[in-house]
Amino acid sequence: MDHWDPALVNPLAANRPVILVDNAGVGRSGGEVPKTFAGWAEHYINVIKALDLQQVDVLGFSMGGCVAQLVALNSPLGLVRRLILCGTTPSTGPGTVTAPLDAFNQLKGAVTQQEQRDAFLKTFFTQTPHSQAAGVAAWDRIIQARTHRVDYVAPVAAHRQAIAFAKFMDPKQADAASYNRFSLLNLPVLIANGE
């Protein structure tokens with residue numbers, strides 16, 4: 001929750017209820033990070049049900065976008081009204097191209113705040129001066145938004161996240177992922193990717 005840019009979240013929250021969730025083993029949530037994105041999605045579906053919400057719009061960014069796809073695909077029919085996927089990917093399928101893993105590995109291995117900042121800028125922003133300046137501004141907003149921020153994911157939890165991503169992208173496990181099941185989605189989907 002502490003790593004969402006308030007420039008995105010605050011305008012959304014000004015006009016509608018917004019629920020930010022730390023998944024199991026991340027931030028302020030107990031437990032262990034599930035080793036599959038389907039396991040992550042199950043946690044989110046359980047939160048939605050525990051809050052007794054009948055229908056929600058789901059937005060997912062990066063790995064959260066992978067999970068958002070599975071929330072929509074694995075939840076009871078009608079629970080997800082709209083799906084917004086930002087800076088993410090479907091699971092492996094024809095035409096799917098993923099970004100190089102060096103930035104992902106840098107983010108996964110970041111321990112100090114400087115390493116986290118450098119990995120954030122490399123992972124989510126291009127190397128142009130304009131993009132890097134936008135990244136620095138976003139980082140500063142995120143860091144300053146809360147006085148008691150939770151650090152980024154610990155190395156053990158980050159490793160479990162990497163395992164979940166690898167399983168999501170494994171062609172042998174495609175039926176549990178998203179690409180082969182997109183035709184099952186019968187709801188509006190907005191995809192916002194690019195540089």
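Does Val33 count as buried or exposed, and at what relative accessibility? Select Val33 in this predicted model. At 3% relative accessibility, Val33 counts as buried, because the limit for that class is under 20%.

**Stop 1: Val33 and its surroundings**

Val33 is found in the loop that runs between helix H1 (6–15) and H2. Display next the residues that Val33 touches: Ala24, Gly25, Val26, Trp40, Ala157, Arg160 and Gln161, leaving aside residues up to four places away in sequence. Asn23 may be added to the selection; the C-alpha atoms of Val33 and Asn23 are 7.2 Å apart in space, with their positions 10 residues apart in sequence.

**Stop 2: the largest nonpolar core**

Trp40, a contact of Val33, leads to the next selection. Trp40 is among the residues with the most contacts inside the largest nonpolar core, together with Phe37, Val58, Val71, Leu83 and Phe168. This core has 29 residues. To see where they come from, colour helix H2 (37–50), strand S1 (56–61), helix H3 (63–74), strand S2 (80–86) and helix H7 (155–169), each of which supplies at least two residues of the core. The greatest contribution is that of H3, with eight residues. In soluble globular proteins, nonpolar side chains tend to be buried together.

Within this core, centre the view on Val71. Not counting residues up to four places away in sequence, Val71 touches Ala41, Tyr44, Ile45, Val58 and Val80. Another core lies apart from the largest one and has six residues; select Phe120, Leu121, Trp139 and Ile142, which are among them.

**Stop 3: helices H3 and H7**

Return to H3 and H7, and hide the other elements. At what angle do the axes of H3 and H7 cross? They cross at roughly 55° and come within 11 Å. H3 and H7 are therefore oblique to each other, and their crossing is left-handed. Show the side chains where the two helices meet: on the H3 side Met63, Cys66, Gln69 and Leu70, and on the H7 side Gln161, Phe165 and Phe168. Two of these names have appeared before: Gln161 is a contact of Val33, and Phe168 is listed with the residues that have the most contacts inside the largest core.

**Stop 4: salt bridges**

How many salt bridges does the structure hold? There are five. Begin with Asp5 and Arg141, whose closest N and O atoms are 2.6 Å apart. This pair links distant parts of the chain, since Asp5 belongs to the segment before H1 and Arg141 to helix H6 (residues 129–145), 136 residues apart. Asp5 counts as buried, at 16% relative accessibility, whereas Arg141 counts as partly exposed, at 33%.

Move next to Arg16 and Asp57, another salt bridge, in which the closest N and O atoms are 2.6 Å apart. Here too distant parts of the chain are linked: Arg16 lies in the loop between H1 and H2, and Asp57 in strand S1, 41 residues apart. Arg16 is partly exposed, with a relative accessible area of 40%; Asp57 is also partly exposed, with a relative accessible area of 25%. Add Arg81 to the selection to display a network of salt bridges that links Arg16, Asp57 and Arg81.

Then select Arg117 and Asp118, which form a salt bridge with the closest N and O atoms 3.9 Å apart. Arg117 is partly exposed, its relative accessible area being 24%, and Asp118 counts as partly exposed at 31% relative accessibility.

**Stop 5: two residues with positive phi**

Which residue in the loop between H2 and S1 should be selected? Asp52 lies there. Its backbone merits inspection: Asp52 has a positive phi of about 60° although it is not a glycine. At 56% relative accessibility, Asp52 counts as exposed, because that class begins over 50%.

Finally, follow S1 into the loop between S1 and H3, where Ser62 lies. Ser62 likewise has a positive phi of about 60° without being a glycine. With 23% relative accessibility, Ser62 counts as partly exposed.

Technical notes. Residues are numbered from 1 along each chain as its sequence is written. This is a predicted model: local features need pLDDT of at least 70, side-chain atom pairs count only at pLDDT 80 or more; totals for chains, interfaces and linings use all residues. Side-chain values use heavy atoms; hydrogens and water are left out. A nonpolar core is a set of buried Ala, Val, Leu, Ile, Met, Phe, Trp, Tyr and Cys residues joined through side-chain atoms within 4.5 Å. Buried means under 20% relative accessible area, exposed over 50%, partly exposed in between (1.4 Å probe, protein chains only). Helices (H or I, at least four residues) and strands (E, at least two) are DSSP runs, numbered from the N terminus. Contact means heavy atoms within 4.5 Å. A salt bridge is a side-chain nitrogen of Lys or Arg within 4 Å of a carboxyl oxygen of Asp or Glu. Axes are lines fitted to C-alpha atoms, for helices over the stretch in contact, and angles run from 0 to 180 degrees between N-to-C directions. Angles under 35 degrees count as roughly parallel, over 145 as roughly antiparallel, 65 to 115 as roughly perpendicular and the rest as oblique. A crossing is left-handed if the near helix is turned anticlockwise from the far one by less than a right angle, and right-handed if clockwise.
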